[in-house]
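Morning, everyone. I have one structure to walk you through today. Have a look at it, and then I'll start.

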Amino acid sequence: MTKIGFIGLGNMGGPMAANLAKAGFEVTATDLSIGAVDRAVEAGCARGATVADTVKEADIVVTMLPAGAHVRSVYTESYGVIANAKPGALFIDSSTIDVDSARAVIAAASDKGFAMVDAPVSGGVAAATAGTLTFMVGGEAGAFERSKPALEKMGKNIFHAGAAGNGQVAKICNNMLLGISMIATCEAFNLADKLGLDAQTFFDISSTASGQCWSMTSYCPAPGPVPNAPSNRDYQPGFAAAMMLKDMRLAQEAAHKAKAATPLGAQSEAIYALMEAAGKDSLDFSGVMKLINGEL
Ligand code: NAD
């Protein structure tokens, strides 16, 4: 039976590790939080006392950590994955991190003979729990093929985005587009309202016209037209504005390095930062509607 070492059992990693255990993999799991490890044990995983203990017998190591610094540390320090994994193990990092860190860690793994992919996800806690995440995978074709049996137990769409780091590229470009389109949708609904056009009527027209986009039809930031959207539960997430801001900042960092012009991305990052400054970044990112309509 394939053995998996899972590191990072937070909001996303917890249910992902549980799905791997449920699918019959022998999962050893660890986290800095004992409570998170306790929950993973209840879900069928074995307790990993340390990172080294978690990876030493694993055929596949999966990490789901907050940011690039955590991923660099967990993989490259002496207590970490590369120094303690068994020869031939495959590494999968599903955290959303900066492209440079993803590429540096994959290169460090490769230097020691390990195959590794970056495999960030789209879909939040509900998709992680349901096993319906979308994975965007960067890395060599062989490593991608080897990662698929495990990824398929955590997600329903698995894409090979190309070379190392390209999973992160796909993720931040998609989320930059989403972050921009959400603000644009808020502006349109707010203007319609100010001009005397109600949200449902504008939705009925625009969702079948050329302004149509996912932010409108699946996640409408104006209360009413999309019943299960966060706007109908006072913008409880969903996908928090703080997480969107993290991804917008990663996109801007990458854009600066690549000398890519992203004027709307830059402006949108600044707008989500205003939600942070207002102490409202725990709201869903579609709560940017409150900033646009003057409620914040
Ligand atoms: P989280 O903060 O809930 O979980 C991260 C976990 O990593 C924590 O439990 C923390 O204790 C653990 N951790 C940190 N350093 C560690 C170490 N050295 N050793 C062991 N464990 C360590 O975060 P999350 O919401 O699960 O998100 C994880 C990643 O997934 C992030 O990169 C995030 O951007 C991305 N993501 C999150 C969502 C979402 O909706 N929450 C959606 C898509 C992508």
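**Two domains and a ligand**

The shell around the ligand takes at least three residues from domain 1, residues 3-163, and at least three from domain 2, residues 169-292. Keep in mind that this is a predicted model.

Let's take the domains. The chain is divided into domain 1 and domain 2. How far apart are their C-alpha centres? They lie 29 Å apart. The contact between them takes eight residues from domain 1 and ten residues from domain 2. Look at the domain 1 side of that contact. Four of its residues are nonpolar, three are polar and one is charged.

Now the record. UniProt has an unreviewed entry here. Its annotation reads "domain: 6-phosphogluconate dehydrogenase NADP-binding" and covers residues 3-162. What is that stretch made of? Over residues 3-162, the chain is 42% helix and 25% strand. The C-alpha atoms at the two ends of the stretch are 26 Å apart.

Back to the ligand. How many residues surround it? The count is 25. Gly10, Asn11, Met12, Thr96 and Gly124 are the closest. Two elements give two or more residues to this shell: helix H4, spanning 68-76, and helix H12, spanning 241-258. And the make-up by class? The shell has 13 nonpolar residues, ten polar ones and two charged ones.

So, to recap. Domain 1 and domain 2 meet through a contact of eight and ten residues, respectively. Both domains supply residues to the ligand shell. That's the tour. Thanks for listening.

Notes. Residues are numbered from 1 along each chain as its sequence is written. This is a predicted model: local features need pLDDT of at least 70, side-chain atom pairs count only at pLDDT 80 or more; totals for chains, interfaces and linings use all residues. A residue is near a molecule or strand if its C-beta atom, placed from the backbone, lies within 6 Å of it. Helices (H or I, at least four residues) and strands (E, at least two) are DSSP runs, numbered from the N terminus. Ala, Val, Leu, Ile, Met, Phe, Trp, Tyr, Cys and Pro count as nonpolar, Asp, Glu, Lys and Arg as charged, and the others, Gly among them, as polar. Domain bounds come from an automatic or database domain assignment. Two residues are in contact if their C-beta atoms, placed from the backbone, lie within 7 Å. UniProt positions are given in the numbering used here, feature names are shortened, and annotations may be inferred rather than shown by experiment.
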